[in-house]
Each structure stands twice: as structure tokens, then as C-alpha cells.
Amino acid sequence: GATVTAQQVSASLAGFEKALASVVTVGSAPAAGDFNLIIQGVEGLNVSDLQWGTANAKTVTLSFWAKQPVSGLYGGSLKNSANSRSYVFTYTIATANTWQYFTVTIPGDTSGTWLKDTGVGIYLNFDQGSGSSSETAAGAWAAGSYTRTSGCLKPITAAGTTVLTGVQLEVGSIATPFEYRPYGLKLALCQRYYELQPATVLLGFPCPNSGGYAHVFYTAWKATKRAAPTVSWTIGSQSNVQSASTLSQTVDGFSLQVVGTTSTNTTFTISSVIANSRI
């Protein structure tokens, strides 16, 4: 099969410092049912105002910068969380490995079910070479899961690099300049979905001679999570510990229980805690 890695690279483009690169080092042709995509899931609460799935569905405009290793036609799509509604769009790269700006205006979908809660409201897909089952006509809403049209190129089939930056999806039929947000605001928005707490936490407490003494440690997240996250933690060092386990995790924080042995003092160091609540 193909070998692909995602990397953050220098954009070398006015107005943008960084870009997302999808690097194919070993290419292979997709089977009919394969999906090869760059995907961004958008939380339903952030697109509820679009009113998709109703007669009041609003038009949106997608804008982005792209570089592709080969000039020609490429595809992408917007889909709902059930993968039952799709709008395929295309864009044409005029010169290989050269930044090019694109805008695509898409009418709101008046059909289908579009989540307006903490689930996926919209999937934005940039096709990298999905199979023939993912192909349909571009420029119209369709029932089913589609990401490309039959005339689109497939970067996944050969070594090369797809690069994207400045991707923006907004209400209306006109692409406005890219919205630059303050760093603190962007960080808080990201922490709603993923948070790393690297600071070491040291627990030290006495244990009675009977052993089995438990200590509960609680940490609050820096931002309320989209949903109860998956929590993972890394032990830095420990002594006189019988067991350590997660008691609970919520959108606000998590509890860790440490049980000591019969020793007089237990220490426990956590080198990092990760909370993953990504779409």
C-alpha cells in the first residue's frame, strides 16, 4: 500500500507561516472502496447557524491555498456525519508545486441530517486519491458518500507532496480575507479538543502500616472539552505504589487514584497528562 505522512512545513507564502503537507513516499493505486483524504471535522455547535437540512439552509464559501506535485484537476467535498449527503467540488492546479488560491461557493443543503450538537456537523475533505466508489458529478448535492469526480488526479498513486494552508469555511457567497485570531484564543479553541499538561505532578503522602492507602488526585482541564475525553498519562517515577488508575474523566477534569503499599511514604510523579476529545 501507499506510505503517507502528515507534516507541518514552512509555507513560504505571504501572510502564512506554516502549512499542512501530506507527503507520499510510496504510492499505490486505490481499490474501488478506498478513501484517501485530508479531513477536517467541524463540530455541530459551530455550524448550527447554517440550518442545513432545512428550507433555510445558508450558502457557504470555502477558500484555501494549495500546492500539488502535478498540474491538473483535483477534488474534495463537504459531507455530513452520516456520510449520506455529499457536495463534490473541484479545483485546477495550473502549475505544479506552486501556490495557488481557490474559492468555492457551495449552496446550503436543504436535505439530509446535519448534526447541530457536539458531534460532527460537517466534514471537509480534500481528496488524495479515493477509489471509484467515491466518485460522482461535481457541483451538486448528492445522496451518498463522495469525495471526487472521475476526472480528478490521485496524489496517493505516486511520490509527491500536497500542501494546504489558509483554509477557511464561512457563511455567504463571498470569500473574505483569512481571519487571524489572537494566539490565546486559538489555544483555548484547540484545547477544547486536545490538551497536554506536561508539568510534573508530585504526590507524597504517608501510608498506614495496614497498607492499601489510597490518594485521589484531581486535575481540571484548562478548557472545557467537547465531550468526556480519552485520558492517558505517563508515569515519571514512583515508589511504594501498589496501583494507579483513572477513576473518572469528564469535560471539566479527571481523577486519578494512587494506592500505596505498607511503606511509610508513597511518592508518585506524572510527567504528562493528555486529554483527547477530538472529533
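**Exercise 1.** Locate Asn-83 and state which backbone feature and which exposure class it has.

*Solution.* Asn-83 sits in the loop between β5 (72-79) and β6 (85-93); strands (E, at least two residues) are DSSP runs, numbered from the N terminus. This is a predicted model, in which local features need pLDDT of at least 70, side-chain atom pairs count only at pLDDT 80 or more, and totals for chains, interfaces and linings use all residues. Residues are numbered from 1 along each chain as its sequence is written, and side-chain values use heavy atoms, with hydrogens and water left out. Next, the backbone: Asn-83 is not a glycine, yet its phi is positive, about 55°. Last, the relative accessible area of Asn-83 is 33%, so it is partly exposed (buried is under 20%, exposed over 50%, partly exposed in between; 1.4 Å probe, protein chains only).

**Exercise 2.** Do the analysis again for Asn-240.

*Solution.* Asn-240 lies in the loop between β14 (230-239) and β15 (241-249). Its phi is positive, near 55°, in a residue other than glycine. With 32% relative accessibility, Asn-240 counts as partly exposed.

**Exercise 3.** Classify the aromatic pair of Trp-65 and Tyr-101, and explain what it ties together.

*Solution.* The structure holds 17 aromatic pairs (rings of Phe, Tyr and Trp, its six-membered ring, with centres within 6.5 Å; planes under 30 degrees apart are stacked, over 60 edge-to-face, the rest tilted). Trp-65 and Tyr-101 are 5.2 Å apart centre to centre, with 45° between the planes, a tilted pair. Trp-65 belongs to strand β4 (residues 60-67) and Tyr-101 to strand β7 (residues 100-106), so the pair ties together parts 36 residues apart in sequence. Trp-65 is partly exposed at 23% relative accessibility, and Tyr-101 is partly exposed at 39%.

Technical notes. Helices (H or I, at least four residues) and strands (E, at least two) are DSSP runs, numbered from the N terminus.
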